[in-house]
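Subject: Structure for your review

Hello,

I am passing on the structure we discussed, with notes on what turned up in it. Please look it over before reading further.

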There are 2 protein chains.
Amino acid sequence: MSGKQHSTDQETRLIEEDHHSIKLWLRLLTCSSLIEKKHLRGSLREEFNTTLPRFDFLAQLERSADGLTMGELSSRMMVSGGNATGLANQLVKEGLVERNSPPNNRRTFVVKLSPKGKKYFAKLAARHEEWMISLLGKLSDTDVRSLMRLLGKVKSEVVQPSG
Amino acid sequence: MSGKQHSTDQETRLIEEDHHSIKLWLRLLTCSSLIEKKHLRGSLREEFNTTLPRFDFLAQLERSADGLTMGELSSRMMVSGGNATGLANQLVKEGLVERNSPPNNRRTFVVKLSPKGKKYFAKLAARHEEWMISLLGKLSDTDVRSLMRLLGKVKSEVVQPSG
DNA sequence: ACGAAATATTTTATATATAAAATGTTTTTC
DNA sequence: GAAAAACATTTTATATATAAAATATTTCGT
């Protein structure tokens, strides 16, 4: 009369065993939502009148000095092409990003940071880092290192072969 | 001639010290984005023709048998009131959720799962758990436990006093 | 070199999200 | 008990996101 009952079929057993996968996922989602929605979004709007997707767009470009095609960019940002186009339109209009077709392949556009965009992003990234330090800086080095290692494992479990 | 240089002013020093807060944040965001955008969203759409916000709406109600006011709900979901209203309109229309004004306070609405909504959510939640087990189930118990503990610390760092 | 297929992006239609104003209700204050 | 303040939600206007169709260019096969 002790312990929980177990079903014998494969599918049911999976769920009844001590998997905490869904709790882990929900906690992961809670943590990133809290940071994004309760802290980062407000700061981005107040101090820079911008948004996280726009930051991400610029951050991707900052890592690629030669620029990125629209397709590469939307794939790295994990957003749709239409979304990437909309963000690019804004940022080109504001002079932060340059978008050019290379003469040898006029199907693609290559987007890159403008000089103005580079300066702007440097300031933005520095403040972003300060915000995160003030949020997470109290965690011990050991905890941060463990989290990075374990989240690395999570990441490698969930990355798709083709994505 | 060894090691990195340190500035002496407070603000610069913060950044130059060995904080990895921003890397931790970006990895956290990557993990939850990967799970949501590359796996969960597609499954929710294909198998249930629904979305994560709609799932979240129902999940919040499932935890509160007496129902929740719209304000409580939008606060727990971390979305705007207008967004909650829009989702409620859909789900009421589909008969999954009931929305009533209590006679003593007609400023508020109390929303709760309908019997149909309870059955529907039970199926949805069971599949959701299966998806997460197939994604994350290879992680060891030890790793999952460590992650839960460490993400618990992260969560307690970032929850706001009033939010 | 020509038509078909593949590729890259934008456009269109629609869903989801926010912020701020508007609406209606309850509570407080005097 | 009436006016003001506080509260809870919806509405409005707009931004952000997706999926799918449309457009345009390049590459492949013969």
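The interface comes first. In this predicted model, 60 residues of chain A are in contact with 60 residues of chain B. Together the two chains bury an area of about 6,200 Å² between them, and carbon and sulfur atoms account for 74% of that area. Across the same interface, eleven residue pairs are in polar contact, both residues being at pLDDT 80 or more.

On the side of chain A that touches chain B, the elements giving two or more residues are helix 1 (10-16), helix 2 (21-48), helix 4 (70-77), helix 6 (115-136) and helix 7 (141-158). Helix 2 of chain A gives the most, with 20 residues. By type, this side of chain A divides into 30 nonpolar, 14 polar and 16 charged residues.

How many salt bridges are there between chain A and chain B? The count is two. In one of them, A:Lys153 and B:Asp143 meet through their side chains, at 2.6 Å from N to O. This pair runs from helix 7 of chain A to helix 7 (residues 141-158) of chain B. A:Lys153 is partly exposed, its relative accessible area being 34%, whereas B:Asp143 is buried at 9%, which is under the 20% limit for buried residues. There is also a salt bridge between B:Lys153 and A:Asp143, with the closest N and O atoms 2.6 Å apart.

Next, chain A by itself. Its secondary structure comes to seven helices and three strands, and along the sequence the pattern reads α-α-α-β-α-α-β-β-α-α. Chain A has 163 residues, of which 39% are buried. If we take the contacts in chain A between residues at least 6 apart in sequence, 50% of them join residues at least 24 apart. The area that chain A exposes is about 9,300 Å², with 49% of it supplied by carbon and sulfur atoms.

Over all chains, the count of salt bridges comes to ten. As general background, side chains of opposite charge can pair when their charged atoms come close.

Two salt bridges inside chain A are worth setting side by side. The first joins the side chains of A:Glu47 and A:Arg127, at 2.6 Å from N to O. Because A:Glu47 lies in helix 2 of chain A and A:Arg127 in helix 6 of chain A, this pair ties together parts that are 80 residues apart in sequence. A:Glu47 is partly exposed at 41% relative accessible area, and A:Arg127 also counts as partly exposed, at 26%. A:Glu47 and A:Arg127 belong to a network of salt bridges that A:Glu130 is linked into as well.

The second is between A:Glu72 and A:Arg76, whose closest N and O atoms are 2.6 Å apart. Here both residues sit in helix 4 of chain A, four residues apart, so about one helical turn separates them. A:Glu72 is partly exposed at 35% relative accessibility, and A:Arg76 is partly exposed with a relative accessible area of 39%.

One residue of chain B remains. Is B:Arg54 buried or exposed? B:Arg54 counts as buried, because its relative accessibility is 10% and the limit for buried is under 20%. B:Arg54 is placed in helix 3 (residues 52-62) of chain B. Leaving out residues up to four places away in sequence, B:Arg54 touches B:Leu87, B:Gln90, B:Leu91 and B:Glu94.

Regards

Methods. Residues are numbered from 1 along each chain as its sequence is written. Chains are lettered from A and ligands numbered from 1 in the order in which they are written. This is a predicted model: local features need pLDDT of at least 70, side-chain atom pairs count only at pLDDT 80 or more; totals for chains, interfaces and linings use all residues. Side-chain values use heavy atoms; hydrogens and water are left out. Buried means under 20% relative accessible area, exposed over 50%, partly exposed in between (1.4 Å probe, protein chains only). Contact means heavy atoms within 4.5 Å. Buried area is the accessible area (1.4 Å probe) that two parts lose on being put together, summed over both. A salt bridge is a side-chain nitrogen of Lys or Arg within 4 Å of a carboxyl oxygen of Asp or Glu. A polar contact is a pair of N or O atoms within 3.5 Å; within protein, one must be able to donate a hydrogen and the other to accept it, and residues adjacent in sequence count only if both atoms are side-chain atoms. Ala, Val, Leu, Ile, Met, Phe, Trp, Tyr, Cys and Pro count as nonpolar, Asp, Glu, Lys and Arg as charged, and the others, Gly among them, as polar. Accessible areas come from the Shrake-Rupley method with a 1.4 Å probe; for residues, only the protein chains shown count as cover.
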